[in-house]
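This report describes the fold, the interior and selected side-chain pairs of one protein model. The sequence and the coordinates are shown first.

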Amino acid sequence: MAAALLTSISELLDAIVADEKVGMWLVGVAAEFHRLRVDLDNLIEVHILAEEKKITDKALELLVDEATDAAYDLVDVLDEWNTALRMNGVGKTSNLRAKVGSFVTRCLHAGQVVRRYDLALKIMEIIGRLNAPAIFDLAVGSVSQQSRRLESSPIVDVSALIGRDEVKADIVSSLLYGSTEEESELLKTISVVGMGGVGKTAIAQLVYQDEAVKQHFHKRIWVCVSNVLGGIEFAKAITAEVEHVAVHSLDSVLFVTLHERIRRSMEGKKFFLVLDDVRTDDRHDWQRLIETFKHGAPGSRILLTTRKDTVANMMNTRVFHLEALSDEHCWMVFSQSASCGMGVEEFRNLEDIGRRISKKCKGLPLAAKTLGHLLGAKLSRKEWKDILYSEIWKLEIARQEIFDPLLLSYYGLPLQMRECFKYCAIFPKDFVYNEETIIYHWMAQGYLGRANVEDLELKGREYISCLAGCSFFQDFLMDKDGLKSTWKMHDIMHDFARFLMINNGIVIEVMNPGGNSMIDLSATKARYLTALIPEGCCPPTSIDGAEKLHSLVIISGENAITNEAVQIIFNQAKRLRLVDFGCHNALVDTIPKEIGNLIHLRHINLTGSKIKGLPSSLCELHNLQYLNLNNSKSLENLPDEIGNLIDLIYLGTLHCYKLACYPKSARRLTNLRQLCGIVLRADRNDPKEFALGDLENLNCLHELSMVLKGNAVNDRELKRAKFENKTHLKEIKVE
């Protein structure tokens with residue numbers, strides 16, 4: 001995580017230094033800023049190396065976790081600096097010291113050049129906590145421990161036989177026969193696609209050892225390429241298998257020579273080549289290999305397994321998407337492993353618990369087999385119940401047997417995309433993720449970078465498609481435009497994300513029927529907190545150790561957080577970037593003025609609250625991008641200063657039936673992309689109330705819904721609104 005955070009810091013520094021208006025404030029500390037920028041590139045490389053090895057090195061893991069905490073602090077300090085610069089630039093200095101801290105504000109007064117070193121010294125102190133030398137030494141020394149998948153072989157696992165007969169028969173039929181005689185003679189590629197642990201290798205093993213397949217092909221070759229990134233390494237792996245030589249013996253062989261040796265080995269033979277766990281989707285690499293394979297006899301076949309849809313699509317193959325097993329088949333895999341060494345009666349005594357444990361695997365045979373092996377040596381009901389009620393991501397065997405294969409796919413993702421995936425762990429299992437909502441969350445945390453909003457949204461959608469293509473997300477529903485609108489995560493994939501987020505994100509169920517409660521984070525380094533409030537329970541009244549929280553999400557089915565608790569939490573958690581109080585905030589009817597001190601805040605969701613208004617201090621949150629007040633049916637007005645929120649891209653007041661007209665100042669919100677439920681005058685240009693014509697400069701709008709006041713639409717106001725300039729606008733709704 002530190003590497004991704006440091007990348008974000010680099011982008012922020014670049015933005016600060018490149019801003020001409022900032023130049024005068026860097027007098028005297030510019031050298032330190034530029035040196036930090038150079039050092040960051042080296043730090044990022046060190047942390048990329050370390051984070052991929054810390055899983056198997058506890059000492060390294062501790063150092064990386066401490067460094068991650070420091071990186072978060074550095075993000076916060078630089079965000080304070082950047083915010084202070086922006087506030088100073090627009091003349092908002094009166095409350096600056098209280099909001100962003102004295103050591104930052106001392107840097108913003110001309111004539112006090114020496115004091116600007118306070119900021120540089122603070123930054124350098126945090127840099128020291130990044131542990132770069134120690135991490136580098138340990139990371140380089142632990143190279144042999146880096147997570148790698150053990151190479152597969154064509155030997156069949158008996159558990160693979162369960163629940164896969166039909167798909168095996170379909171694949172074998174596709175290998176042996178074509179829909180036409182001509183197709184039967186062509187080189188054909190078949191792909192088996194699915195998430196890690198679903199049994200892709202197992203089904204390939206079954207097919208490879210099928211008697212009809214053995215008799216049909218002159219030559220069968222099995223190549224595991226899970227640790228191969230493509231290009232020459234791919235060619236080496238295949239050459240080593242077809243010639244029965246060690247891969248390292250090919251290190252000095254030229255790429256073109258490798259292809260020639262593969263061609264000679266395949267030439268004139270009807271071959272069946274299995275490429276297990278393909279990760280590279282470089283089209284150029286594949287095209288050269290396919291040309292080489294075409295020298296085989298007519299009717300040759302390639303079967304590849306992959307987690308990535310992009311690989312299958314690139315190969316123009318027939319695709320078999322391998323789905324999870326049924327509950328009954330998953331139980332059969334589990335029981336096959338768990339019952340080894342047990343008597344019939346002993347196992348029967350544990351069957352009721354075992355069936356419940358196998359359901360936790362959600363149809364994933366690898367998880368079922370792993371937990372079955374774990375419990376095969378445990379004979380008491382208590383031991384089985386301990387596993388039943390534990391969280392899979394906390395089990396050591398889960399890390400070793402289930403998560404290690406997933407880590408290879410995870411480390412193949414770009415740094416920021418890794419953060420986006422991990423962030424999804426802050427939501428509970430079976431949560432239905434919404435594309436629009438999750439992209440706004442990612443933007444608030446800075447995971448999508450610092451480009452313009454349109455580019456960030458495109459990047460967010462690209463990340464979702466990529467994560468879906470790599471089987472991290474599933475169960476997609478499309479919207480009317482054919483885009484991925486909602487999705488879920490498999491429980492094991494959610495456990496994996498929780499495992500990766502273990503020291504930074506906490507999801508806690510608050511169980512306190514009828515009483516007060518405090519969430520204690522003081523012994524953690526949590527930056528993300530999600531509180532789940534079951535029916536009949538009350539939200540937390542305070543959070544101890546909330547000072548460094550970046551995200552606070554409260555999901556409640558009934559009661560929600562009280563006014564007093566909101567005030568306490570806002571006084572505690574001044575680094576919050578996102579506040580999401582869900583959709584049942586029956587107890588919240590006042591937002592305290594202290595919200596104005598949360599200078600890092602980008603995202604506020606108060607859907608369904610009972611608030612009547614917002615404090616004017618909220619309008620000093622110059623970083624705020626998202627404000628959702630939908631279904632706040634008691635809301636009567638918005639602050640007159642709301643036009644100060646110039647970074648706002650989403651503003652929602654749908655179904656706020658008591659809301660009077662928007663303030664006139666809202667016409668300054670020219671970055672808005674979604675304006676939902678705006679109440680405006682259509683009959684005249686009012687000096688205080690927002691009028692139809694005040695939409696004139698809101699030309700970034702993609703979505704607009706309006707509640708019109710007045711008996712008629714004034715033609716002059718309609719013309720002044722200049723809808724012809726709103727070229728991004730997809731739809732307009734009038735309520």
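Buried residues account for 56% of the 735 residues in the protein, which is represented here by a predicted model. The protein contains 26 helices and 20 strands. Of the contacts between residues at least 6 apart in sequence, 69% join residues at least 24 apart.

## Nonpolar cores

In soluble globular proteins, nonpolar side chains tend to be buried together. The largest nonpolar core in this model comprises 126 residues, and those with the most contacts inside it are Trp-384, Phe-421, Ile-438, Trp-442, Phe-472, Phe-473 and Phe-496. Helix 3 (residues 58-89) gives the most to this core, contributing 11 residues. Apart from the largest core lies another one, of 62 residues, which includes Ile-519, Leu-549, Leu-669 and Phe-690.

The surroundings of Trp-384 can be listed in full. Residues up to four places away in sequence being left out, Trp-384 touches Phe-334, Ala-338, Met-342, Phe-347, Leu-350, Ile-353, Gly-354, Ile-357, Leu-375 and Lys-378.

Phe-421, also named among the core residues with the most contacts, is one of the buried residues of helix 21. The others in helix 21 are Leu-415, Gln-416, Met-417, Arg-418, Glu-419, Cys-420, Lys-422 and Tyr-423. Because 9 of the 9 residues of helix 21 are buried, this helix is largely enclosed by the rest of the structure.

## Packing of helix 20 against helix 24

Two packed helices are described by the angle between their axes and the distance between the axes. For helix 20 (residues 396-411) and helix 24, the angle is about 80° and the axes are 11 Å apart. The two helices are therefore roughly perpendicular to each other, since an angle of 65 to 115 degrees falls in that class.

From helix 20, the residues Arg-399, Ile-402, Phe-403, Leu-406, Leu-407 and Tyr-410 take part; from helix 24, Ile-492, Met-493, Asp-495, Phe-496, Phe-499 and Leu-500 do. The residues of this contact divide into 10 nonpolar, no polar and 2 charged. Phe-496, on the helix 24 side, is also listed among the residues with the most contacts in the largest core.

## Salt bridges

Side chains of opposite charge can pair when their charged atoms come close. The structure holds 41 salt bridges, and three of them are tabulated here.

| Pair | Closest N to O distance |
|---|---|
| Glu-243 and Arg-261 | 2.6 Å |
| Asp-495 and Lys-429 | 2.9 Å |
| Lys-382 and Asp-386 | 3.2 Å |

The salt bridge between Glu-243 and Arg-261 links distant parts of the chain: Glu-243 belongs to helix 12 (residues 232-243) and Arg-261 to helix 13 (residues 255-266), 18 residues apart. Glu-243 is partly exposed, at 24% relative accessibility.

Lys-382 and Asp-386 lie within helix 19 (residues 381-389); because they are 4 residues apart, about one helical turn separates them. Lys-382 is exposed, with a relative accessible area of 57%, whereas Asp-386 is partly exposed at 43%.

In the salt bridge between Asp-495 and Lys-429, the partners are 66 residues apart: Asp-495 is in helix 24 (residues 491-500), and Lys-429 is in the loop between helix 21 (415-423) and strand 6 (433-434). Asp-495 is buried, at 1% relative accessibility, while Lys-429 is partly exposed at 36%. Elsewhere, salt bridges that share partners join Asp-69, Asp-73, Asp-76, Arg-527, Lys-548 and Arg-575 into one network.

## Loop residues

Thr-317 occupies the loop between helix 15 (309-315) and strand 5 (318-321). Its relative accessible area is 14%, so Thr-317 counts as buried, the cut-off being under 20%. Beyond its neighbours within four places in sequence, Thr-317 is in contact with Thr-189, Ile-190, Ser-191 and Ala-312. Thr-317 and Ser-191 are 126 residues apart in sequence, yet their C-alpha atoms are 6.2 Å apart in space.

Positive phi values in residues other than glycine include those of Lys-362, near 50°, and Asn-631, near 65°. Lys-362 is in the loop between helix 17 (344-360) and helix 18 (365-376) and is partly exposed at 33% relative accessibility. Asn-631 is in the loop between strand 16 (626-628) and strand 17 (650-652), and is partly exposed with a relative accessible area of 32%.

How values were computed. Residues numbered from 1 in each chain as written. Predicted model: local features only at pLDDT ≥ 70, side-chain atom pairs only at ≥ 80, totals over all residues. Heavy atoms only, no water. Buried < 20%, exposed > 50% of the residue type's maximum accessible area, 1.4 Å probe, protein only. Contact = heavy atoms within 4.5 Å. Salt bridge = Lys/Arg side-chain N within 4 Å of Asp/Glu carboxyl O. Core = buried A, V, L, I, M, F, W, Y, C linked by side-chain atoms within 4.5 Å. Axes fitted to C-alpha atoms, helices over the stretch in contact; angles between N-to-C directions. Parallel < 35°, antiparallel > 145°, perpendicular 65-115°, else oblique. Nonpolar A, V, L, I, M, F, W, Y, C, P; charged D, E, K, R; others polar.
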